Amino acid sequence: MKLLVCIKQVPDMESKFKIDADGVWYDRSDLAWRMNEYDEFAVEQAVQVKEATGADLTVLCIGPEQVKETMKKALAMGCDRGVHIADDQSHRRDPYQIASLIAAFAGDKGFDLIFTGMQSQDRGSGQVGVMAAELLGLPAVTTIVGFALAGDKITVKRELEGGVKATVEATLPALVTCQLGLNTPRYPTLPNIMKAKKKELLAVAAADLSPADALLQTVKLTFPEKKGGGVFLEGDVGEVADRLIRILKEKTSVLA
Amino acid sequence: MKMLLVAEYRQKKLLESYTELLAFAGQFGADCAMFLVGDGAAELPKFAGKLYLADVATFGEYNPDAHKRLLLDVVAQEQPEMIVLSHSSYGWDLAPRLAAGLKAAQVSEVVAVDDGRLVVPACNAKLRRTVSGTGAVTVATLQAGAFSLAEAAAGSPEVIAVTGEGQGRVALLGYEAAEHGGVDLTKSEVIVSAGRGVGKPDNIPLVANLAKALGGEYGASRPVVDAQWVEHNRQVGTTGLTVAPKLYVACGISGAVQHLAGMKKSEFVVAINTDRDAPIGDVADVFAVADLKQLLPVLTEKLQAL
């Protein structure tokens, strides 16, 4: 069995973002980078399937040279090899283009199961996985919080609104997009980090995979307008607490 | 502008969210048709226009292959410039299939319309992108609660039955109800919630003690529940509870849209966070820029002394 997990490198969401010179994306300098949180659950699930079945597991990541750092984490978590689709323009591509790169790479590889995160933390479109499945002609199930594999069938739990879950079945080959809470992503151990350094990391130029033309254009990136009206309290915690209590007495009935 | 609105039917019920699609279309003065896989004998969307209706008994509530094919047929007939869904577990699953099938741009989780262009959040709502499709048709999903009708929806649709191949490669086996039992946060007048900023499970009692001092209950955001620091029945947000207490205190919660959707109707919101740019500030009446580990014990003690 052959498995593929697709990951993305994103900035830490606690970062202080600045808008880039073109005004259409965030400034990529001076940011701390990490694996997209949703993808950590995808990698963990893929590694669990590999451990249970002896399957071969490839991790794929699209982006500039720096994404290799994030790929090393996936390799240390247990992926067998990495495929780096080298692309300095990945942050400007729309989800359909990214999906077209994944599909172009995966098209003739015969993967039985493809895992992705349900969305990225920076763009949050939630489109790439499903679009890649459509381009590959595979069934896809989104937002999974439960996963079981038996023979060539997967039974997964989809997370719906209000805590309701749906149980869904599909036959391999298939693609699933992973939601937070699907499993507990492992921390790479030091020996596994060392081993990961020796694992194969192939590079493919994005241009060689002929990405599709963009369907979506970003006109501008802005900071949301603060709705205002909110009072900021800062300084000594004792004073902050006193001021907060005064406000609660004035503005709410909960301390009455 | 011609729009096709995709309504939802789940667990044998028409979802009210179709009214949000109508509110969005209203901003464009669009000429609308609607699509629904539902039950013609049950409640239908209140809407004066064409309703393309496929029978849920044949096509299922979740059968993305079949729903996509039905929709592509309707799109071919109606030739809409925009296809609009809710950004929901149904919408975000179906929309990319349609977009890929039509080779159309998809715009996910629209929160606003700016001069005819669509605005979506980025980076946990810290930023906003204004986008536009490059082709003749765009598929859009709308953030829950971002658009609402000023008046109740009215009218009865002209039903056009649609049918086709019902087979799909993904089969819905059934639903699992939400875990309840124990506390019911929706009935609490005060909720103090813990977010990722609490740092470790040992700090949950700080939040619980403040809740107690305020005569309320404690809740949590999703990451805290996923980490199993707090039980699921206390989770506030899209995938948990929607609450509207008199006072909501968000401790170490950045304010991801999924969380805001679950608590933004609270009467009074206090945010306690070290990051004064955290999006929770958008809904906070008071924002205490402080480390909750320092502020909470002091605040709790002062409240107990009242």
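The following conversation concerns a predicted model with chains A and B.

Biologist: How many helices and strands are there in chain B?

Modeller: In this predicted model, chain B has eight helices and 18 strands. Its C-alpha atoms fill a box of roughly 70 × 40 × 35 Å along the principal axes.

Biologist: And what percentage of chain B counts as buried?

Modeller: Of its 306 residues, 58% count as buried. Among contacts in chain B with a separation of 6 or more, 63% come from residues 24 or more positions apart.

Biologist: Turning to chain A, how many helices and strands does that chain have?

Modeller: Chain A has six helices and 13 strands. The box filled by the C-alpha atoms of chain A is roughly 65 × 45 × 40 Å, again taken along the principal axes. Of the 256 residues in chain A, 56% are buried. Residues 24 or more positions apart supply 70% of the chain A contacts with a separation of 6 or more.

Biologist: Which feature does UniProt place at residues 23-213 of chain A?

Modeller: An unreviewed UniProt entry places the feature "domain: Electron transfer flavoprotein alpha/beta-subunit N-terminal" there. In the model, residues 23-213 of chain A are 29% helix and 30% strand, and the C-alpha atoms at the two ends are 21 Å apart.

Biologist: Now the interface. How many residues of each chain are in contact?

Modeller: On the chain B side there are 79 residues, in contact with 83 residues of chain A.

Biologist: What area is buried between the two chains?

Modeller: About 7100 Å² is buried between chain B and chain A, and carbon and sulfur atoms give 56% of that area.

Biologist: What about charged and polar pairs?

Modeller: The two chains are linked by ten salt bridges. One of these joins Glu234(A) to Arg276(B), with the closest N and O atoms 2.5 Å apart. Counting pairs with both residues at pLDDT 80 or more, 39 residue pairs are in polar contact between chain B and chain A.

Biologist: One more topic: helix α4 of chain B. Is that helix mostly covered or uncovered?

Modeller: Helix α4(B) is mostly covered, with ten of its twelve residues buried. Among the buried residues are Trp92(B), Asp93(B), Arg97(B) and Leu98(B).

Biologist: How far does helix α4 of chain B reach from its first C-alpha to its last?

Modeller: This helix, residues 91-102, reaches 16 Å, close to the 16 Å expected at 1.5 Å a residue.

Biologist: And what phi does Lys103(B) take, just after the helix?

Modeller: Lys103(B) takes a positive phi of about 50°.

How values were computed. Residues numbered from 1 in each chain as written. Chains lettered and ligands numbered in written order. Predicted model: local features only at pLDDT ≥ 70, side-chain atom pairs only at ≥ 80, totals over all residues. Heavy atoms only, no water. UniProt positions renumbered as here; feature names shortened; annotations may be inferred. Helix = DSSP H or I, 4+ residues; strand = E, 2+ residues; numbered from the N terminus. Expected span 1.5 Å × (residues − 1). Buried < 20%, exposed > 50% of the residue type's maximum accessible area, 1.4 Å probe, protein only. Contact = heavy atoms within 4.5 Å. Buried area = accessible area lost by both parts, 1.4 Å probe. Salt bridge = Lys/Arg side-chain N within 4 Å of Asp/Glu carboxyl O. Polar contact = N/O pair within 3.5 Å; in protein donor to acceptor, adjacent residues only side chain to side chain.
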